[in-house]
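Welcome, and please take a moment with the sequence and the fold before reading on. The notes that follow are grouped by topic, so feel free to jump around.

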Amino acid sequence: MKALALCCSPRKEGNTSKALSLLLEKLPADWQKEMINLHDFDIKACGELCNAECLREDVCKVDALNERVRLLEKLKSADVIVIGTPTYNTDIPSKLRTLLERGYLENYLKNKVVALLIVSNLGGVKALCTLTSSLILDAQAIIAGAVIVPGYREGGKTVNDSKTQMLIDYLAKRIIEVVNLMYYCQPC
Ligand SMILES: Cc1cc2nc3c(=O)[nH]c(=O)nc-3n(C[C@H](O)[C@H](O)[C@H](O)COP(=O)(O)O)c2cc1C
């Protein structure tokens, strides 16, 4: 089983990345685990490199010109994807929105087990709605679970918070439960 964590915070050693590392640790030792950062991929917004030709031709011209497909192929290669994100101004950061906005997500994420780890004090539920609406309605992914853990200015504080640790335990257990059901047809 391969679990891939996508960290969507520009702070590569910040709260989101540390919370994702803890979650990966809680997944079974015999799983393959990897974390990548969204900010290592050059992904342009819809319309930034084209004139919305997709509206006529049903194909994204920009996909050939930047790294979105490289990232989506990487996600497709995993059995379980964990998206970890901070909230910026009460919603998901724009780079994550850019990834989701250009559509065609079902080609990569359909029926993938996806879990969400949102680092937020304010706007976490809105970020959750933004993410789940794209992932369910557009990507047709299977959402195993989602948690909203507290955010801090200081990198590293989130992971030491007892509420975070309890929620991450829950999310890890839920991921394992859904994987067992989906891949081995075994209820826990
Ligand atoms: C531009 C910007 C906007 C932010 N907006 C919010 C917000 O709306 N709600 C919130 O809870 N935290 C907000 N924060 C704080 C971070 O989300 C919070 O510190 C979180 O722990 C960041 O995770 P990180 O360490 O991975 O960057 C914002 C931070 C930045 C830089």
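A residue counts as buried if 20 or more other C-beta atoms lie within 10 Å of its own, as exposed if 12 or fewer do, and as partly exposed in between. Please keep in mind that this is a predicted model. With that said, here is a tour from the core outwards.

**The nonpolar core**
- The largest nonpolar core holds 48 residues, and Val82, Val114 and Leu117 have the most contacts inside it.
- Strand 4, spanning residues 113–119, supplies the largest share of this core, with seven residues.
- Leu117 is worth a closer look: beyond residues up to four places away in sequence, Leu117 touches Ala19, Leu20, Leu23, Val82, Gly84, Val147, Val149 and Leu171.

**Strands 4 and 5**
- Strand 4 and strand 5 (residues 142–149) run parallel and are joined by seven bridges.
- Between these two strands the chain passes through helix 6 (residues 124–138), making a right-handed β-α-β crossover.
- One pairing to find on screen is Val119, whose bridge partner in strand 5 is Val149.

**Around the ligand**
- The ligand has 20 residues around it, of which Ser9, Gly14, Thr16, Pro86 and Gly151 come nearest.
- By class, this shell comprises 13 polar, five nonpolar and two charged residues.

**Two positive phi angles**
- Most residues other than glycine have a negative phi.
- Asp58 has a positive phi, near 55°, and sits in the loop between helix 2 (54–57) and helix 3 (68–76).
- Asp58 is exposed because 8 other C-beta atoms lie within 10 Å.
- Gln140 also has a positive phi, near 60°, and is found in the loop between helix 6 and strand 5.
- Is Gln140 exposed, buried or partly exposed? Gln140 has 13 C-beta neighbours inside 10 Å, so it counts as partly exposed.

**Lys2 in strand 1**
- Lys2 belongs to strand 1, residues 2–7, and is exposed because it has 12 other C-beta atoms within 10 Å.
- Setting aside neighbours within four places in sequence, Lys2 is in contact with Trp31, Gln32, Ser77, Ala78 and Asp79.
- Lys2 and Glu154 are 152 residues apart along the chain, and their C-alpha atoms are separated by 31 Å.

Key. Residues are numbered from 1 along each chain as its sequence is written. This is a predicted model: local features need pLDDT of at least 70, side-chain atom pairs count only at pLDDT 80 or more; totals for chains, interfaces and linings use all residues. A nonpolar core is a set of buried Ala, Val, Leu, Ile, Met, Phe, Trp, Tyr and Cys residues joined through C-beta atoms within 7 Å. Helices (H or I, at least four residues) and strands (E, at least two) are DSSP runs, numbered from the N terminus. Two residues are in contact if their C-beta atoms, placed from the backbone, lie within 7 Å. A residue is near a molecule or strand if its C-beta atom, placed from the backbone, lies within 6 Å of it. Ala, Val, Leu, Ile, Met, Phe, Trp, Tyr, Cys and Pro count as nonpolar, Asp, Glu, Lys and Arg as charged, and the others, Gly among them, as polar. Two strands pair if DSSP finds at least two bridges between them. A crossover is right-handed if, with the strands pointing away from the viewer, the path from the first strand over the helix to the second runs clockwise.
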